Amino acid sequence: MPDFPIVDSHVHLYDPRAISYPWMQGEPTLDAVHDVAVFNTATAPVLVDKIVFIEVAAPDDKSLAELDWVEGAAKAEPRIQGIVANIALERGKDIASDVAAFARRPLARGVRRLIQGHLDEPGWCLQPGYLDGVRIVGEYGLGCEICVKHPQMADIIRLAAQFPHVRFVLNHIGKPGIKDGLVEPWRAEIGELAQLPNVLCKISGVVTEADFKSWTYDEVAPYIARAIESFGFDRVMFGGDWPVLELAGNYPGWVSIVDRVIAGASDSEQRKLFRDNAIRHYRLA
């Protein structure tokens, strides 16, 4: 376990009594209040001193309400120092006013529009509208978070290559097919993606790509190691992906897994992964 406070670059906080999230209904582990108080209980004894809120895939007509809710939470919890919002990038130039309004919010740091739900639409994130949306996000100095499943990695390589001045963050190491024992082409493609200097990678969301009940350290560790090897310690960030993580594990356990994978890394390298890179990328206090 790290002997210093960590920064979590990927936390979902929400209250389904305030905003309904249809995608999690029927999943009692997730469809419940997950606010800062619950986070504090789940993360103990890990010391987390900064948090980046990541949008929770609220319905589009509730995205502004989600931002208002998390900003309210941040007033009571100063550790929430960055927000990544859901904005419909595929609407292209029509989102300019939405991005401008979001960028004026003090904690605005990035935009995420889920791509993983479009597996049956190859090239969905390469359509002109989505590309215009990414361009606009970059013009406002915001980062672009990428959440895909492994069959979509080739599209992401093409996307990030078109916008060298936009900072992209690959979530969950590209969701490799761990449960099915798949390594390629994910292994080669994450290496290719890492060749683009404008892309960072979150070491997050890994155990939930394995079998929830039967995964082992030896099963997931090579995927984590490959992601870190590909991007190097200067472009990786720890993410808890809480509370989705709890479908397959617990927070202290996940921190311990990552810590074990990087055993032997220097103190500087460990701090880069667990805090410094996130502070720099998200411009945290």
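Me: In this predicted model, how much space lies in the second largest pocket, and which residues are closest to its centre?
Reply: The second largest pocket holds about 250 Å³ of space, and of the 14 residues that line this pocket, Ser63, Leu64, Asn86, Ile87 and Asp98 are the closest to its centre. The elements that give two or more residues to its lining are α2 (63-76) and α3 (96-103).

Me: What makes a residue in the lining of the second largest pocket count as charged, and how do the residues divide?
Reply: Asp, Glu, Lys and Arg count as charged, and by that rule the lining of the second largest pocket divides into six nonpolar, two polar and six charged residues. Asp98, one of the residues closest to the centre, is therefore counted as charged, whereas Leu64 and Ile87 are counted as nonpolar.

Me: What is the volume of the largest pocket, and which residues lie nearest its centre?
Reply: The largest pocket has a volume of about 370 Å³ and is lined by 20 residues, with Trp23, Gln116, Lys175, Asp241 and Val244 nearest its centre. By class, its lining has nine nonpolar, six polar and five charged residues.

Me: Why is the space lined by Leu13, Tyr14 and Asp15, among others, called a cavity?
Reply: A cavity is a set of points where a 1.4 Å probe fits but cannot get out, whereas a pocket is an open set, so the space lined by Leu13, Tyr14, Asp15, Ala18, Ile19, Tyr21, Glu66 and Trp69 is assigned to the first kind. About 40 Å³ of space lies in this largest cavity, and the count comes to one cavity of 30 Å³ or more. The lining divides into six nonpolar, no polar and two charged residues.

Me: How do you know that strand β7 is mostly covered?
Reply: Buried means under 20% relative accessible area, and five of the five residues of β7 (residues 199-203) are buried. Both faces are covered, with Val199, Cys201 and Ile203 on one side and Leu200 and Lys202 on the other.

Me: Why are β6 and β8 each said to pair with β7?
Reply: Pairing requires at least two bridges, and β7 has three with β6 (residues 168-170) and three with β8 (residues 236-238), so both pairs qualify. Each pairing is in the parallel sense; Phe168 stands opposite Val199, and the bridge partner of Ile203 in β8 is Phe238.

Me: What makes up the right-handed β-α-β units that contain β7?
Reply: One unit is made by β6, helix α6 (residues 186-194) and β7, and another by β7, helix α7 (residues 217-231) and β8. With the strands pointing away from the viewer, a clockwise path from the first strand over the helix to the second is called right-handed, so the path runs clockwise in both units.

Notes
Residues are numbered from 1 along each chain as its sequence is written. This is a predicted model: local features need pLDDT of at least 70, side-chain atom pairs count only at pLDDT 80 or more; totals for chains, interfaces and linings use all residues. Side-chain values use heavy atoms; hydrogens and water are left out. Buried means under 20% relative accessible area, exposed over 50%, partly exposed in between (1.4 Å probe, protein chains only). Helices (H or I, at least four residues) and strands (E, at least two) are DSSP runs, numbered from the N terminus. On a 1 Å grid over the protein atoms alone, a cavity is a set of points where a 1.4 Å probe fits but cannot get out, and a pocket is an open set with protein on both sides within 12 Å along at least five of seven lines; lining residues have an atom within 4 Å of a point. Grid points are joined across faces, edges and corners, and a volume is the space filled by probe spheres set on the points.
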